[in-house]
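Me: I'm trying to learn how to read a protein model, a bit at a time. Can we look at this one together and talk through what's there?

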Amino acid sequence: IGEVRRLTNHPDEELEANWSRDGRTIYFGSNRTGRFEIWRMPATGGEPVQVTKQGGQTATESPDGRYLYYAKYETSPSAIWRVPVSGGEEQPVVDGLSYALNFVVANRGIYFLAVAGARNQTSLDFFEYATGKRSTIVRVGKPFWWGMALSPDEKSLLYSVVDNAGSNLMLVDSFR
């Protein structure tokens, strides 16, 4: 077992870390400015540098390493944004994202768990980089939950939904 080493030491929240494509940089969300923004730091440690200025939480580099795609956790539905890794203007890419952890960046585009209106109006959508078009792959129709993953061959997706939720009233007789 390797050594556990602390990379950040700030009193505010720091979460949802991701590696850069080359493994040299770590991106993470932090509310050290008073709201969540994306920060980056060398994977070996060092001073974090703020990347976004308009909010951000969960970030992933594009396969070519040119852009950083990220979500904002302010409301649901939210949007997926991007900013050049080298710095520059932050731009919205596609809206309707159910939750900050519910998207994956792939070679041809972005898969995401979308929501329209009510929490149970969910679909698995795809945004294609080349055309800028969004399409629905499948209507899920169940409340979303957190998390999404793409297989290495990009042929299978994992995502979480609430399949069954409920509660019951219980009575205990003669408990004295």
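## Working through the model

Me: E154 sits in the loop between β13 (144-150) and β14 (157-161); strands here are DSSP runs of E at least two residues long, numbered from the N terminus. What value is the phi of E154 near?
Reply: First, this is a predicted model, where local features need pLDDT of at least 70 and side-chain atom pairs count only at pLDDT 80 or more, while totals for chains, interfaces and linings use all residues. Residues are numbered from 1 along each chain as its sequence is written, and side-chain values use heavy atoms, with hydrogens and water left out. E154 isn't a glycine, yet its phi is positive. That phi is near 60°.

Me: OK, and is E154 buried, partly exposed or exposed?
Reply: The scale goes by relative accessible area: under 20% is buried, over 50% is exposed and in between is partly exposed (1.4 Å probe, protein chains only). E154 has a relative accessible area of 25%. That value makes E154 partly exposed.

Me: Where does E16, which also has a positive phi, lie?
Reply: E16 isn't a glycine, and its phi is about 50°. As for its place, E16 is in strand β1.

Me: Which strands stand at the edges of the open sheet of 4 strands?
Reply: The order is β1-β2-β3-β4, with antiparallel pairing (two strands pair if DSSP finds at least two bridges between them). In the middle, β2 (residues 25-30) and β3 (residues 37-42) are joined over 6 bridges. An edge strand has a single partner, so one side of it is left without a neighbour in the sheet. The edge strands are β1 (14-19) and β4 (49-50).

Me: Which residue of β3 is the bridge partner of G29?
Reply: β2 and β3 run antiparallel to each other. Across that pairing, G29 is matched with I38.

Me: S30 is in β2 too. Which backbone oxygen does its side chain reach?
Reply: S30 has 0% relative accessibility, so it counts as buried. Its side chain makes polar contacts (N or O atoms within 3.5 Å; within protein, one able to donate a hydrogen and the other to accept it, with residues adjacent in sequence counted only if both atoms are side-chain atoms). A polar atom of the S30 side chain lies 3.2 Å from the backbone nitrogen of R32. The backbone oxygen it reaches, at 3.2 Å, belongs to E13.

Me: How far apart are the closest N and O atoms in the salt bridge of E37 with R35?
Reply: A salt bridge needs a side-chain nitrogen of Lys or Arg within 4 Å of a carboxyl oxygen of Asp or Glu, and the structure holds 5 of them. E37 is buried, at a relative accessible area of 2%, whereas R35 is partly exposed at 39%. Their closest N and O atoms are 2.8 Å apart.

Me: Which residues are linked in a network of salt bridges?
Reply: One piece is a salt bridge of 2.8 Å, N to O, between D125 and R134. D125 is buried at 2%, and R134 is partly exposed at 36%. The network links D95, D125 and R134.

Me: How far from K72 is the nearest side chain of opposite charge?
Reply: K72 is in the loop between β6 (67-71) and β7 (78-84). Lys and Arg count as positive, Asp and Glu as negative, and His and the chain ends aren't counted. K72 is buried but has no salt bridge, though its side chain does reach the backbone oxygen of Q54 at 2.7 Å. The nearest opposite charge is on E90, at a distance of 5.0 Å.

Me: Which elements give two or more residues to the largest nonpolar core?
Reply: A nonpolar core is a set of buried Ala, Val, Leu, Ile, Met, Phe, Trp, Tyr and Cys residues joined through side-chain atoms within 4.5 Å. The largest one has 13 residues, and Y69, I80 and F103 are among those with the most contacts inside it. The elements asked for are β6, β8 (91-97), β9 (103-105) and β10 (109-115).

Me: How many residues are in the other core, the one with I38?
Reply: This core lies apart from the largest one. Its members include I38, A59, L68 and Y70. Its residue count is 10.
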